[in-house]
Amino acid sequence: TTAQLPAGYFEALGSMTYCLPNKTSLSREILYRQLKEDPGRRVWAHPGLKRFLEEQYHRLFLARDIHLVEHQGERHPAHSVLAAEFDRSRNTITLRPIWAGTDAAENVSRHVQLLKKDPLCTLSFELDLGKAWQAEFTNALLDNGFVPRLVFPHAGVSDVVVFQRLMEEPLP
């Protein structure tokens with residue numbers, strides 16, 4: 001945001017931390033403006049994310065029905081798949097789940113280790129809360145140092161929660 005932005009026209013979703021080429025960090029507020037009435041939504045989330053989502057939805061006055069999803073012992077494929085988008089102009093990498101598998105935590109950890117070799121220093125992970133299967137990545141993200149930072153309303157099938165991890169931080 002800049003000083004020229006009129007106050008009160010946008011809602012703050014939260015902030016993201018970005019790294020500049022000289023490795024100093026810069027926090028940027030992310031703003032949002034909904035231009036039509038929000039009809040409410042159903043979202044799917046892991047219990048570890050429930051409190052964060054409740055706080056965000058309450059603060060933003062968004063009506064959401066949060067359905068909790070947990071692994072109940074059902075069979076899953078052995079391997080998960082992630083997509084990586086590199087934005088060199090912003091020094092960021094964004095990961096998105098393509099397929100859930102039992103190796104999600106290991107896969108996320110391997111991605112973090114591999115991406116630490118790249119000079120880009122900000123790593124984000126986006127989960128679409130409209131796809132129940134993506135909730136299975138929550139523990140893997142939390143266990144690998146990712147922190148939920150904000151929720152983008154209507155950014156996917158439903159809302160998208162953005163996790164962030166600064167690459168200079170050591171693995172847990």
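Phe-125 is buried, because its relative accessibility is 0% and the cut-off for buried is under 20%. This is a predicted model. Its 2 aromatic pairs link Phe-125, Phe-137 and Phe-146 into a cluster. A nonpolar patch on the surface involves Leu-5, Tyr-9 and Phe-10.

**Pair Phe-125 and Phe-137**

- The structure holds 2 aromatic pairs.
- Phe-125 pairs with Phe-137 in a tilted arrangement. The ring centres are 5.9 Å apart, and the planes meet at 35 degrees.
- This pair links distant parts of the chain, with the two positions 12 residues apart in numbering. Phe-125 sits in strand β7 (residues 122-128). Phe-137 sits in the loop between β7 and α3 (138-143).
- Phe-137 also has a relative accessible area of 0%, so Phe-137 counts as buried.

**Pair Phe-125 and Phe-146**

- Phe-125 forms an edge-to-face pair with Phe-146. Here the centre-to-centre distance is 6.2 Å, with 75 degrees between the planes.
- Distant parts of the chain are linked again: Phe-125 in strand β7 and Phe-146 in the loop between α3 and β8 (147-152). The two residues are 21 apart.
- Phe-125 and Phe-146 are both buried.

**Ring cluster**

- Ring pairs join Phe-125, Phe-137 and Phe-146 into a cluster.
- Phe-125 takes part in the tilted pair with Phe-137 and in the edge-to-face pair with Phe-146.

**Surface patch**

- Leu-5, Tyr-9 and Phe-10 make a nonpolar surface patch of about 290 Å².
- Tyr-9, one of these residues, lies in the segment before β1 (11-19).

Conventions: Residues numbered from 1 in each chain as written. Predicted model: local features only at pLDDT ≥ 70, side-chain atom pairs only at ≥ 80, totals over all residues. Heavy atoms only, no water. Patch = residues over 30% accessible without salt bridge, like charges linked within 9 Å, V, L, I, M, F, W, Y side chains within 5 Å. Areas by Shrake-Rupley, 256 points an atom, 1.4 Å probe, with all protein chains shown as cover. Salt bridge = Lys/Arg side-chain N within 4 Å of Asp/Glu carboxyl O. Helix = DSSP H or I, 4+ residues; strand = E, 2+ residues; numbered from the N terminus. Phe/Tyr/Trp six-rings, centres within 6.5 Å; stacked < 30°, edge-to-face > 60°. Buried < 20%, exposed > 50% of the residue type's maximum accessible area, 1.4 Å probe, protein only.
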